[in-house]
Amino acid sequence: MTQPGPPATALEQRKRSPDAPVWGQVVVGPPGAGKTTYCAGMQQFLTLAGRRVAVINLDPANDAVLPYTPAVDIGELVSLEGVQQELGLGPNGGLVYCLEYLEQNLDWLAERLAPLEAEGCYLLFDLPGQVELFTLHSSLRRILDVLTRRWQYRLTTVQLVDAHLCSDPAKYLSALLLSLSTMLHLELPQVNVLSKMDLIQQYGELAFSLDFYLQAQGLSHLAEAMEGSFPPRFRRMTEELCEVIEDFGLLSFQPLAIEDRDSVRHLVASIDKSNGFVFAGLAKAGQPAPEMQYSAGLTEDSSDLWDQMRERYIDRDLQVQERQPCVVGLQQEPQAGAAEVQEPQQAKQQAQQAQPTLDQQQQQQQPATAEAMQQQQRGAGL
């Protein structure tokens, strides 16, 4: 059950016109999933599409040079390094404290979001990679409750999972459990994404087809593929976990290579449909029907994108690997005529071996010839 948030201040209780809602994405995922790179790429894509976009950095650990310019930076409110030094906390404890501190100072966040709301910006929230914050801890959930229920933001959670986890059935099962836990904990519309699809073949051949990982169905095959990874006594537990995931029936993934325009376009269409952005402004006269507006933004089926991703990033490498055995086979194929091919080679080798012998015979004959000539000259002189 959702716990009530902190008392609302005057800024938190402000009313917003239904005709001017604020749309956005809450980007979460484990460390290394590509959240910051995703925010930078999504900002560029949406800006080219004609939207005014602002990135909100809520990750106090993002102290390096960011690939985007944050409109709001939590580093101005609280410093992770300062928290660790003053309170003697580690990185995980420091991140939890920073989120709790932000929850108690939502006035600061409201003041900085107000100008962005007035400009009609589309918001991208870049969150920390500590999974406990969006699967177990309550501070982030209460912050999002204030954004969506009191401030009437229309947000969608974008859960990024590195596609290399598909190379190991056990890791893929962990990614499924993480995504499901996030959906149930944050209680927001959620789009799950397999990021870095352009690098998936670098981690080895997949045990199943790409459709299997994207649809997340028929998970009983995962237990069979994991038989050698765990002791037999864990097989029943693995089967039960797969059944739990399938019983919820909530999970599926979108493939994403952030530099692939088609994959980003399909992902944006899914996100816009989940948070209702496709229906924005339909109450005004002269707007097309909702289904017409949505179909105009996305004319291809998702399976078409899956086929394209498979051809670009999976089948291409497999075709190269399949050619190599063919070349080796051609070199090893001659069997029936092997004797015919080997006879000239053996003759050539025998000739090379015999060559030194001939040279030695010639060298031995040269002194004998010289002695014969000297004897002939003496006989002529006599």
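**Leu-102.** I began at Leu-102 and looked up its contacts (heavy atoms within 4.5 Å). Leaving out residues up to four places away in sequence, Leu-102 touches Leu-58, Ile-74, Leu-77, Trp-108, Leu-109 and Ile-143.

**Ground rules.** I noted that this is a predicted model, where local features need pLDDT of at least 70, side-chain atom pairs count only at pLDDT 80 or more, and totals for chains, interfaces and linings use all residues. Residues are numbered from 1 along each chain as its sequence is written, and side-chain values use heavy atoms, without hydrogens and water.

**Cores.** I next looked up the largest nonpolar core (buried Ala, Val, Leu, Ile, Met, Phe, Trp, Tyr and Cys residues joined through side-chain atoms within 4.5 Å; buried is under 20% relative accessible area with a 1.4 Å probe, protein chains only). This core has 40 residues, and Leu-102 is among those with the most contacts inside it, as are Leu-113 and Phe-125. Helix α4 (residues 106-118) gives the largest share of this core, six residues. Another core, of 28 residues, lies apart from it and includes Leu-180 and Cys-242.

**Two helices.** Which residues of α7 meet α10? I found Leu-173, Leu-176, Leu-177, Leu-180 and Leu-184 in α7 against Thr-238, Leu-241, Cys-242, Ile-245 and Phe-248 in α10. The helices are DSSP runs (H or I, at least four residues), numbered from the N terminus.

**Confidence.** Last, I checked pLDDT, the predictor's confidence in each residue, from 0 to 100. The chain averages 79, and 70% of the residues score at least 70. Over residues 318-344 the pLDDT is below 50, and this stretch has two contacts beyond near neighbours in sequence.

Terms used
Buried means under 20% relative accessible area, exposed over 50%, partly exposed in between (1.4 Å probe, protein chains only).
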